[in-house]
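User: I have just opened this entry and would like a guided look. Could you walk me through it?

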2 protein chains.
Amino acid sequence: MKISIMKSYLNESIQQVSKAISSRTTIPILSGIKFDVNHQGVTLTASDTDISIQSFIPLEDGDKSVVQVEQPGSVVLPAKFFVEIIKKLPSQEVHMEVKANFNTFISAGATEIQLVGLDPEEFPVLPSIEENQTVSIPGDLLKNMIKQTVFSISTHETTPILTGVLWSLGDNELKFVATDRHRLATRSAMLDNAEGVRFNNVVISGKTLNELSKIVPDQNTLVDIVVADNQVLFKIDRVLFYSRILDGTYPDTSRIIPTSYKTELVLDTKKLSESIDRAYLLSREEKTNIVRMQTMDSGSIEISSSSSELGKVREEIEPADFNGEPLKISFNSKYMLDVLKVVESEQLMIAFTGVMSPIILKPLDDSHSLYVILPYRTTN
Amino acid sequence: MKISIMKSYLNESIQQVSKAISSRTTIPILSGIKFDVNHQGVTLTASDTDISIQSFIPLEDGDKSVVQVEQPGSVVLPAKFFVEIIKKLPSQEVHMEVKANFNTFISAGATEIQLVGLDPEEFPVLPSIEENQTVSIPGDLLKNMIKQTVFSISTHETTPILTGVLWSLGDNELKFVATDRHRLATRSAMLDNAEGVRFNNVVISGKTLNELSKIVPDQNTLVDIVVADNQVLFKIDRVLFYSRILDGTYPDTSRIIPTSYKTELVLDTKKLSESIDRAYLLSREEKTNIVRMQTMDSGSIEISSSSSELGKVREEIEPADFNGEPLKISFNSKYMLDVLKVVESEQLMIAFTGVMSPIILKPLDDSHSLYVILPYRTTN
């Protein structure tokens, strides 16, 4: 293998694939990035066996020459050092040559680097995926759906299935569900051109989805999603992102979402968020994060919290709308803030069916999101 | 105590004094901020006994009304919660009233806070300092002198005196010295109007100097420095910053700085810095950070490092000047990078007296700085 390559393209591809590299791997070959060079271009691959990412660098981009291939070939190079040194090379062009025993010589300007490469034959083979279950989704919508659900996953390894987000698709509607048994987030969206494609119980690790979000560009790129038996493949421009589907059956969450309410409030999202944030500051000192919400005779909503050591915070906000019975409820303000941080609509409906029943939060826009928070059982 | 105060002024003063609060204090009163209100204004004080900071808020600033005093008085309020909640209050004006048992009522907009205050009589009294040893220094020069020396202090608590920076003043020259026994940094500057003021063995904790740097504004404010027996007082605008002087005698470092050299190089600071940084990346993998510097027959300087697992990096840079004997030396590249990060001059002199003797670095400007790094003993 012998090539000359533009540093900026090499750097971008390295950044993309290196997201699949775990710093804690004990398998030496998995701490490396695989290079495959042929007369079409250079393919970089990295994998931690849960996620595999592949990025392709073409010979030319528009009328710009990106790679000159003198000799095709393959090698695996140590990722951690490679990622950092490429960024810091002094010239725009980088020369790479693999010699005997995968010893790799890299030069750029006056800098010469000799790296101990590994045998590419030892690198794991990527899963082969049949492309009969494919849908497309705008990249920014996908990122939004991830952001608006992934915070509700469980971080406990004792229930591995809940560390993922449940994806399902039917009748052109893609739906995400995440829950840690104390709260739940759902978000759905209608897709174009998804006729005939259906899937269910596709659970993808939250950690994986966060990495995926970083790779999807902010511009409105289309992401192709291919679902197979135990793998999902995301195609983003010149990047292929493979993720394992988590083993197990996701619990049925439909029954914990109430469908009729005793009290309904409409509140300004920003005002509620700032108010809960102040009450949270004090509740945090008690480690419980408990904040109380209470309807007043005046029609206002009181938000309050207290700490035996520090004191009390209370304030009132005016609801834009208020229907149903008076109410007094306690909840984990951190869970409420997590929701308020990702809600984009200016107003929000909060609904209750009783002091010990789930609290429902629904943004007043067409985002098809719904959040559930279980209340605290308190004595007063 | 009963006042109305502009949130922005209160917030600024809280930010300043809270730098004196240790999160690990076990003495409850020291986790608080003391408020003293009289008919001149409001004084905030915080202390961890090593550092004490006092900030004064006047009744008026120019023609702007800042504080209205309805009733003078004092109270100590819990700092951690107070710092955060004030920032997040919904209005520009904050009302504070201390009632029985130091219970303090704060209101802003629709937010009402009740805080458990503490007795101000329990708060430590600030040291009284005689102002006969006073010098003035421009704030930006002071910050620069701190930045260019403090990184060389020791972080080992076994030699407490070396965790500080040595200050001395004589013949109008203020000099800072810091060393951890492996490297040394000195920086001096001529002061105006310091005639007759002399001090020696004034050692101030590096941690304290970093906090002081954060409080000194970037604009060219004059900082007054008052040195007493075991305390230094810095006066910065409306802020008083008291620091304890470290106990003990700072070691004599003058003898470890060579005065004649066998080899002298002049190098471009930025090029050297980037080159050492690349070699450091590889040396770091070996945990030693060892980088080699070697003169070549061609007149170039070779910078190189190697790692048994990863490989080698080597490159050459052209010196702007080269006098004396050929040389081959190994050193801790992290120490060299620390110096190169704070050097502001475009060129730098590096001088050597032998493979096992200290390396001298001198910026080629009028900053009166000098850095010493001890080399590594290596076998080749």
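Analyst: What follows goes through the interface, a strand pairing, a salt bridge inside one chain and the annotated domains. This is a predicted model, in which local features need pLDDT of at least 70 and side-chain atom pairs count only at pLDDT 80 or more, while totals for chains, interfaces and linings use all residues. Residues are numbered from 1 along each chain as its sequence is written, chains are lettered from A and ligands numbered from 1 in the order in which they are written, and side-chain values use heavy atoms, with hydrogens and water left out.

User: How many residues does each chain bring to the contact?

Analyst: Chain A gives 30 residues and chain B gives 30 residues, where contact means heavy atoms within 4.5 Å. Between them the two chains bury about 2700 Å², with 52% of it on carbon and sulfur atoms; buried area is the accessible area (1.4 Å probe) that two parts lose on being put together, summed over both.

User: And how many salt bridges cross the interface?

Analyst: The rule finds eight between chain A and chain B, a salt bridge being a side-chain nitrogen of Lys or Arg within 4 Å of a carboxyl oxygen of Asp or Glu. One of them joins B:K80 to A:E285, with the closest N and O atoms 3.1 Å apart. On the side of chain A that touches chain B, α2 (79-87), β11 (111-116), α5 (269-285) and β23 (311-317) each supply at least two residues; helices (H or I, at least four residues) and strands (E, at least two) are DSSP runs, numbered from the N terminus.

User: Which strand of chain B does β23(A) pair with?

Analyst: Five bridges join β23(A) to β11 of chain B (residues 111-116), and the two run antiparallel; strands pair if DSSP finds at least two bridges between them. Within this pairing, A:E315 stands opposite B:T111.

User: Switching topic, what does A:K235 form a salt bridge with?

Analyst: A:K235 pairs with A:E131, the closest N and O atoms being 2.8 Å apart. This pair links distant parts of the chain, 104 residues apart, since A:K235 lies in strand β18 (residues 231-236) and A:E131 in the loop between β11 and β12 (134-138).

User: What does UniProt annotate at residues 255-377 of chain A?

Analyst: The unreviewed UniProt entry labels them "domain: DNA polymerase III beta sliding clamp C-terminal", although annotations may be inferred rather than shown by experiment. Over that stretch the chain is 22% helix and 41% strand.
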